[in-house]
Amino acid sequence: MERLARGRYLLVDVDGPLNPYYGFLSETEARVRDKRTRERIGRGFLRFSPEGKIVRFDQTLDPLCVDCLKEVVDATGAQLIANTAWWLEDLRNALAEFDPGLAKALVGRTGSKCENGVRRFLETNPSVCPEDFAIVDDEGFDDLNYEYRSRFIRAGGKTGLSPEHVLQIIVLFA
Ligand SMILES: [Mg+2]
């Protein structure tokens, strides 16, 4: 990742915050339910899309969560750094399907996950101050003494990123 200028950055995980676990299906359940769907989609974790289709867990984003992400970006001007196992181009393409501006706001990837991703981001970008970034993830960051715990917002479960989290992030950047 190139060095980034001083500015606001949201380090965002994808599986969980933007891709919540509602309707989650284990591979075995999906196979039993619909063998042809299973063959079409291939290997990987499967879940229901918001439209009720069975899709690969790592290939879809939830429109409500993406709306929330857009609200954050619009309200704070933060740029997005992917802190996830997702490839940058896959995520950019997925965001572009909802909003080209949101895809443009995605400026980098930490190359790791959770705390490791945050550490790599800060090491690579020394000009970014703690008050200029926020972290959204559904897991990790369990250490109460974690240095940047005050910058961390947990979003996942059945809703993913929600309007309540949007407010919390806006307050962090205020
Ligand atoms: Mg996650």
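Q: Let's start with one residue. Where is the place of Glu131?
A: Happy to begin there. This is a predicted model, and in it Glu131 sits in the loop between H6 and S7.

Q: Is Glu131 buried or exposed?
A: A good way to read this is to count the neighbours around a residue. Glu131 has 12 other C-beta atoms within 10 Å, so it is exposed. Now look across to Tyr9: the two C-alpha atoms are separated by 9.7 Å, although these positions lie 122 residues apart along the chain.

Q: Before we go on, how many helices and strands are in the chain?
A: The chain holds 7 helices and 8 strands. Of its 174 residues, 33% are buried. Contacts also tell us something about the fold: among those with a separation of 6 or more, 68% are between residues 24 or more positions apart.

Q: How do I read the sheet, and what order do its strands have?
A: The general idea comes first. Strands in a sheet pair through backbone hydrogen bonds, and the pairing is either parallel or antiparallel. In this model, 5 strands form an open sheet in the order S6-S5-S1-S7-S8, and the pairing is parallel.

Q: Which strands stand at the edges?
A: Those are S6 (106-109) and S8 (152-154). Each has a single partner strand, so one side of each has no neighbour in the sheet. From one strand to the next, the twist averages 25 degrees.

Q: How many bridges join S1 to S7?
A: Strand S1 (residues 9-12) and strand S7 (residues 133-137) run parallel and are joined by 4 bridges. You can follow the register residue by residue: Tyr9 stands opposite Phe133, and Leu11 has Ile135 as its bridge partner. On to the next pair: S7 and S8 are also parallel, with 3 bridges between them. There, Ile135 stands opposite Phe152 of S8.

Q: How many residues of S7 are buried?
A: The count is 5 of its 5 residues. To see how, take the faces of the strand one at a time. Phe133, Ile135 and Asp137 are buried on one side, and Ala134 and Val136 are buried on the other, so both faces are covered.

Q: Which strands does helix H7 lie across?
A: Helix H7 (residues 163-173) lies across S1, S7 and S8, and runs at about 160 degrees to S7.

Q: Could we look at a single residue in S1? What does Val12 touch?
A: Val12 is a nice one to click on. This residue lies in strand S1 and is buried, with 26 other C-beta atoms within 10 Å. Leaving aside residues up to four places away in sequence, Val12 touches Pro17, Leu80, Ala82, Asn83 and Val136. Ala82 is 70 residues from Val12 in sequence, yet their C-alpha atoms are 5.2 Å apart in space.

Q: How do I read two packed helices, and at what angle do H3 and H7 pack?
A: Two packed helices are described by the angle between their axes and the distance between those axes. Helix H3 (residues 63-76) packs with H7 at an angle of about 20 degrees, and their axes are 9 Å apart. That angle is under 35 degrees, so H3 counts as roughly parallel to H7. The crossing of the two helices is right-handed.

Q: Which residues make the contact?
A: On the H3 side they are Cys68, Glu71, Val72, Ala75 and Thr76. H7 contributes Pro163, His165, Val166, Ile169, Ile170 and Phe173. By type, the residues of this contact divide into 8 nonpolar, 2 polar and 1 charged.

Q: One last feature: phi angles. Which residue of helix H6 has a positive phi?
A: As a general guide, most residues other than glycine have a negative phi. Cys114 is not a glycine, but its phi is positive, at about 45 degrees. Cys114 lies in helix H6 and is buried, with 20 other C-beta atoms within 10 Å.

Q: And what phi does Phe141 have?
A: Phe141, again not a glycine, has a positive phi of about 55 degrees. You will find Phe141 in the loop between S7 and S8. With 18 other C-beta atoms within 10 Å, Phe141 is partly exposed.

Notes: Residues are numbered from 1 along each chain as its sequence is written. This is a predicted model: local features need pLDDT of at least 70, side-chain atom pairs count only at pLDDT 80 or more; totals for chains, interfaces and linings use all residues. Two strands pair if DSSP finds at least two bridges between them. Axes are lines fitted to C-alpha atoms, for helices over the stretch in contact, and angles run from 0 to 180 degrees between N-to-C directions. Two residues are in contact if their C-beta atoms, placed from the backbone, lie within 7 Å. Angles under 35 degrees count as roughly parallel, over 145 as roughly antiparallel, 65 to 115 as roughly perpendicular and the rest as oblique. A crossing is left-handed if the near helix is turned anticlockwise from the far one by less than a right angle, and right-handed if clockwise. Ala, Val, Leu, Ile, Met, Phe, Trp, Tyr, Cys and Pro count as nonpolar, Asp, Glu, Lys and Arg as charged, and the others, Gly among them, as polar.
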